[in-house]
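Biologist: Could we go through this structure together? I would like to begin with the charged side chains and then move on to the helices.

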Amino acid sequence: MTLTPLNAVLFGVVLLLVVGFYGLLITRNLIKIVLVLQILVKAVVVALVLGGKASGNLGLGQSLAATVIVADTIVAVVALALAVQVRRRVGTLDLAKISSLRG
Amino acid sequence: MAAILIGLVIGLPWLGAIVIWRTTDDTPHLQHTLAVAFSIAAGLASLALIRFSSAETAISIPMGRYFGDLTFTADGLAVTLTAIACVIGSLAVIFSVDYMHGEGQLGRYYSFVLLFIGAMTGLLLSGNLLFMFFFWEITALCSYALISFYNDDPKAVAGGIKALIITQVGGVGLLAGALTTYSALGSYQVSDLIARAGTIPAGLLAVIAFGFLLAAAAKSAQFPFHTWLPDAMEAPTPISALIHAATMVNAGVYLLARFYPAFEHVPGWTMSVLMVGLITAFIAAVSALIATDLKRTLAYSTVSQLGYMVYAIGAGGVFASQFHLLSHAVFKALLFLAAGSVIHSIGTRDMRRMGGLGKRMPFVRNMFIVGALALAGVPILNGFWSKELILEVGLQGSPIWAYGLMLLGAGLTAFYTFRMVWLVFFGAERDQLHVHNAGSAMKVALGILAAGTFVTWLFFGGLNGLLASTLPFHEIEHESLMELVTAIPSAPATWLALLVVALGAGVSWVRVRGLRLFGGGWLDLLVETSFGFDSLNQTIAKGVNKLAGRLSFTQTGVLSWNVVGILGALLVVLIFLVWSA
């Protein structure tokens with residue numbers, strides 16, 4: 001595989017995804033999970049622009065990426081606020097300890 | 001003009017639903033008035049729409065590439081059923097003013113009734129399969145909400161959920177048919193499917209045809225889905241009238257009639273439709289023989305009469321089925337509302353406790369008898385003409401044994417109708433019941449429907465002309481009222497049918513006199529279990545629940561496991577893509 005600019009970006013996307021999924025698998029701290037999710041979403045944003053460029057429809061990719069950024073910011077803010085509330089009420093951020101939903 | 005009227009018949013009920021939803025429940029008078037006003041306005045708009053019916057698409061709204069255009073077509077079939085839905089619906093609303101007097105939560109009641117009527121008209125007028133499915137599902141939801149209206153009664157809730165689940169099975173059939181149509185034709189338009197059915201590969205067309213048959217059978221409570229309609233009797237009685245005569249169950253028959261030209265050459269399809277109708281008509285009639293609940297008896301009779309309509313479509317008589325649908329809508333609404341007056345007055349649905357009520361509520365008795373005679377097919381009421389037409393069609397278009405069974409079914413209809421009238425209104429009083437007469441709003445609705453029972457068959461020529469001129473693909477012969485009036489009495493089959501009806505009534509008379517009123521023995525057991533199909537339903541429901549219980553261990557709530565699941569699924573997709581490339 002030659003190292004064209006597109007391939008380089010694709011490599012970056014895959015790298016971000018791998019980091020994100022690895023983080024999701026091993027993390028138990030709520031704040032860190034929010035951070036890891038952000039990494040995953042950033043991979044998606046880059047992938048959207050990349051997809052737009054590759055299909056010759058850059059404007060569509062960029063506008064979708066901008067939409068994702070807006071939506072994702074809100075998700076991050078709400079998630080962090082929830083994490084703060086969890087810390088205040090339960091006293092810990094460890095997922096294993098705060099989980100009360102058992103099947 | 002047609003476009004405006006279509007907007008009105010769908011929009012007015014829905015607007016009314018929203019307005020009533022916004023009112024508070026401490027203003028019941030306002031709620032009654034608003035509901036009656038909106039439903040009558042919709043009824044008038046639907047009657048006006050008949051004048052503007054045509055095969056052309058009246059409204060076309062582009063909805064993007066993937067859904068096709070949202071189109072509405074007001075052809076003869078659609079406007080007839082729309083008029084039935086709106087007019088009978090508004091009469092049920094008028095009746096509700098008395099029936100629901102003093103009940104709580106009228107806002108919820110009337111909102112769902114109006115939403116129901118609007119969804120039904122949308123379903124009928126829609127020319128796009130996907131939006132037809134959309135309206136179809138809204139009618140299912142409304143029926144669930146209204147059957148379970150008394151939501152503190154476990155039986156009502158169970159009946160509502162049963163109706164919802166069974167009609168969802170039909171919804172899947174409709175959706176599968178719609179998506180298959182899109183994959184084959186690249187269009188969701190009803191007119192495209194009917195016009196270009198011949199170009200669809202035979203296998204795919206069979207999937208669409210049987211998917212639609214599944215949908216129709218579930219919606220119209222046909223075999224093997226006939227179990228939900230009797231259980232839906234826990235609803236307030238005007239709702240039963242609405243479901244049985246105006247909205248819900250007509251949709252299935254409509255679907256079959258609408259797509260008959262597209263599917264008639266699918267091997268085995270017409271025969272399947274015929275058999276479904278035949279089996280349903282027969283077993284529902286047998287069930288009605290021994291039911292002791294007044295509304296349940298009526299519910300079985302609806303299932304049975306719907307079976308006649310489906311049978312007629314299977315035998316090629318699309319027009320006969322629609323004619324009977326019109327008659328049935330009028331006399332069944334009359335029967336249900338009259339039964340509602342009785343139940344409202346004495347507070348029980350058990351026919352074993354009634355008897356001799358005729359002297360105390362003569363008006364209701366007379367109205368009920370008119371409806372009952374029409375149901376039994378006694379001349380010159382509307383039920384007589386349409387049932388004879390169906391039997392005529394059946395004689396020509398179906399095997400002779402099928403015709404014989406339907407003839408026997410007509411006799412059974414007379415039997416249980418007569419038994420029902422006797423048990424409720426005549427004979428000795430079997431229980432001390434406090435009786436009060438029907439209110440004036442009830443009398444208005446009953447009077448209009450009883451008059452309709454005498455005159456709707458006179459619309460034969462008009463209905464025939466309407467359908468023949470606006471349905472380009474249905475081969476409907478032009479016939480006038482005069483031809484009907486001369487053909488039916490001169491046919492030997494008519495006299496045979498009348499003989500069977502008289503025989504049924506006679507046997508009923510003998511049994512009633514002999515005091516063996518309530519059937520008995522093995523037949524009771526069969527009917528109570530809906531010929532075994534109730535236990536089949538139970539088994540399926542229990543199986544699904546058990547499976548869910550078994551699978552619940554996969555829902556740990558642990559994030560890491562969910563991520564492993566996501567990655568695993570991604571891996572499967574990647575392997576599949578690489579393998580198929």
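Biologist: How many salt bridges does the structure hold over all chains?
Modeller: The structure is a predicted model, and seven salt bridges are found over all its chains.

Biologist: Which residue forms a salt bridge with Asp94(A)?
Modeller: The partner is Arg28(A), with the closest N and O atoms 3.1 Å apart. This pair links distant parts of chain A, with the two positions 66 residues apart in sequence numbering. Asp94(A) lies in the loop between helix H3 (58-90) and helix H4 (95-98), and Arg28(A) lies in the loop between helix H1 (5-26) and helix H2 (30-54).

Biologist: Is Asp94(A) buried or exposed?
Modeller: Asp94(A) counts as buried, because its relative accessibility of 16% falls under the 20% limit. Arg28(A), at 46%, counts as partly exposed.

Biologist: Turning to chain B, where is the salt bridge partner of Lys155(B)?
Modeller: Lys155(B) pairs with Glu234(B), and their closest N and O atoms are 3.9 Å apart. The pair links distant parts of the chain: Glu234(B) sits in the loop between helix H9 (228-231) and helix H10 (237-246), whereas Lys155(B) belongs to helix H6 (residues 154-185), 79 residues apart.

Biologist: And how do those two stand in accessibility?
Modeller: Glu234(B) is buried at 13% relative accessibility. Lys155(B) is exposed, with a relative accessible area of 55%.

Biologist: What about Asp192(B) and Arg196(B)?
Modeller: Their side chains meet in a salt bridge with an N to O distance of 3.9 Å. Asp192(B) is partly exposed at 23% relative accessibility, and Arg196(B) is partly exposed as well, at 34%. There is also a network in which salt bridges that share partners join Lys162(B), Asp231(B) and Arg296(B).

Biologist: Back to H6(B): what caps its N-terminal end?
Modeller: Asp153(B) does, through a side-chain oxygen 3.0 Å from the backbone nitrogen of Lys155(B). That lysine is also the one in the salt bridge with Glu234(B). Just after the helix, Gly186(B) takes a positive phi of about 70 degrees.

Biologist: How far does H6(B) reach from its first C-alpha to its last?
Modeller: H6(B) reaches 46 Å over its 32 residues, close to the 46 Å expected at 1.5 Å a residue.

Biologist: Where does H1(B) have a kink?
Modeller: The kink lies at Gly11(B), shortly before the proline Pro13(B), and amounts to about 35 degrees. The end C-alpha atoms of H1(B), residues 2-22, are nevertheless 30 Å apart, which agrees with the 30 Å that its 21 residues should span.

Biologist: Which residues of H1(B) are buried, and what covers them?
Modeller: The buried residues include Leu5(B), Ile6(B), Val9(B), Ile10(B), Pro13(B), Gly16(B), Ala17(B) and Ile20(B). An α-helix has 3.6 residues a turn, so residues three or four places apart point the same way. The cover over the buried residues of H1(B) includes helix H2 (28-51), strand S1 (57-61), strand S2 (70-73), helix H3 (76-99) and helix H4 (106-125) of chain B.

Biologist: Could you do H15(B) too? Which residues are buried there?
Modeller: Among them are Val364(B), Met367(B), Phe368(B), Val370(B) and Leu375(B). H15(B) covers residues 362-376, and its end C-alpha atoms are 21 Å apart, which agrees with the span that its 15 residues should have. Gly377(B) follows this helix and has a positive phi near 85 degrees.

Biologist: A change of topic: is Gln222(B) buried or exposed?
Modeller: Gln222(B) counts as buried, at 1% relative accessibility. Its place is in the loop between helix H8 (202-219) and H9 of chain B.

Biologist: What does the side chain of Gln222(B) join in a polar contact?
Modeller: A polar contact of 3.3 Å joins it to the side chain of Thr280(B). Beyond its neighbours within four places in sequence, Gln222(B) is in contact with residues including Val276(B), Gly277(B), Val303(B), Leu306(B) and Val310(B).

Biologist: Finally, how many helices and strands are there in chain B?
Modeller: Chain B has 24 helices and two strands. Of its 581 residues, 57% count as buried. The radius of gyration is 24 Å, which agrees with the value near 25 Å for a compact globule with 581 residues. Its C-alpha atoms fill a box of roughly 80 × 55 × 50 Å along the principal axes.

Notes. Residues numbered from 1 in each chain as written. Chains lettered and ligands numbered in written order. Heavy atoms only, no water. Salt bridge = Lys/Arg side-chain N within 4 Å of Asp/Glu carboxyl O. Helix = DSSP H or I, 4+ residues; strand = E, 2+ residues; numbered from the N terminus. Buried < 20%, exposed > 50% of the residue type's maximum accessible area, 1.4 Å probe, protein only. Expected span 1.5 Å × (residues − 1). Polar contact = N/O pair within 3.5 Å; in protein donor to acceptor, adjacent residues only side chain to side chain. Bend = angle between axes of the 7 residues up to and from the residue. Contact = heavy atoms within 4.5 Å. Rg over C-alpha atoms; globule rule 2.2 N^0.38 Å.
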